[in-house]
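Please look through the sequence and the structure shown below before reading on, and keep both at hand while you work through the points.

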Amino acid sequence: MNENNIKLTIGIPVYNRENFIGKRLDNILLQTFQDFKVLIYDNSDDSTPQICREYVKKDSRIKHVHEDK
């Protein structure tokens with residue numbers, strides 16, 4: 001997939017949603033439309049950042065930005 005031709009960017013702002021983020025990302029990845037990227041902006045202090053990093057490893061369309069505050 002050529003990133004210059006991406007049709008859709010999905011932005012997900014998240015804060016302390018360890019019980020939510022995995023299911024949300026799974027739902028997005030199961031869509032029939034596949035020409036997208038996901039940008040997660042995260043300032044969590046629970047396990048959300050670790051979960052996001054695991055999804056980044058699994059799918060190159062997912063990008064994760066973590067800020068401490």
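The briefing that follows takes up confidence, the sheet, the helices, the core and three single residues.

This is a predicted model, and the mean pLDDT of the protein chain is 93, with 94% of its residues reaching 70 or more. Its sheet is an open one of three strands, and helix 1 lies across strand 1, strand 2 and strand 3, while helix 2 also packs on the sheet.

**Confidence**

- Within the protein chain, confidence is lowest in strand 1, where the mean is 96, and highest in helix 2, where it stands at 98.
- As a general caution, where pLDDT is low, the predicted coordinates should not be read in detail.

**The sheet**

- The three strands of the open sheet follow the order 1-2-3, and their pairing is parallel.
- Strand 1 and strand 3 (62–66) stand at the edges with a single partner strand each, so one side of each is left without a neighbour in the sheet.
- On average, and with direction ignored, neighbouring strands of this sheet are turned by 15° against each other.
- The parallel pairing of strand 1 with strand 2 runs over seven bridges, and leucine 8 stands opposite phenylalanine 36, which belongs to strand 2.

**The helices**

- Helix 1 runs at about 170° to strand 1 as it lies across strand 1, strand 2 and strand 3.
- Helix 2 touches strand 1, strand 2 and strand 3, and its direction makes about 155° with that of strand 3.
- In helix 1 (residues 21–29), the buried residues are Ile21, Gly22, Leu25 and Ile28.
- Seen down the axis of helix 1, these buried residues fall within an arc of 125°, so they line one face of the helix.
- The cover over the buried residues of helix 1 includes strand 1 (8–14), strand 2 (36–42) and helix 2 (48–58).

**The nonpolar core**

- Eleven residues make up the largest nonpolar core, namely Ile12, Val14, Ile21, Leu25, Ile28, Phe36, Val38, Ile40, Cys52, Tyr55 and Ile62.
- At least two residues of this core come from each of strand 1, helix 1, strand 2 and helix 2.
- In soluble globular proteins, nonpolar side chains tend to be buried together.

**Three residues to find in the structure**

- Isoleucine 28 has its place in helix 1, and because its relative accessibility is 11%, under the 20% limit, it counts as buried.
- Leaving aside residues up to four places away in sequence, isoleucine 28 touches Ile10, Ile12, Phe36 and Val38.
- Isoleucine 28 and valine 38 are ten residues apart along the chain, and their C-alpha atoms are separated by 8.7 Å.
- Tyrosine 41 is found in strand 2, and at 42% relative accessibility it counts as partly exposed.
- The contacts of tyrosine 41, not counting residues up to four places away in sequence, are Ile12, Pro13, Val14, Val65 and Glu67.
- From C-alpha to C-alpha, tyrosine 41 and leucine 25 are 13 Å apart in space, and they are 16 residues apart in sequence.
- Asparagine 16 lies in the loop between strand 1 and helix 1, where it is partly exposed, with a relative accessible area of 27%.
- The phi angle of asparagine 16 is near 50°, which is a positive value in a residue other than glycine.

Methods. Residues are numbered from 1 along each chain as its sequence is written. This is a predicted model: local features need pLDDT of at least 70, side-chain atom pairs count only at pLDDT 80 or more; totals for chains, interfaces and linings use all residues. Side-chain values use heavy atoms; hydrogens and water are left out. Buried means under 20% relative accessible area, exposed over 50%, partly exposed in between (1.4 Å probe, protein chains only). Helices (H or I, at least four residues) and strands (E, at least two) are DSSP runs, numbered from the N terminus. The arc is that of the directions from the helix axis to the C-beta atoms. Contact means heavy atoms within 4.5 Å. A nonpolar core is a set of buried Ala, Val, Leu, Ile, Met, Phe, Trp, Tyr and Cys residues joined through side-chain atoms within 4.5 Å. Two strands pair if DSSP finds at least two bridges between them. Axes are lines fitted to C-alpha atoms, for helices over the stretch in contact, and angles run from 0 to 180 degrees between N-to-C directions. pLDDT is the predictor's confidence in each residue, from 0 to 100.
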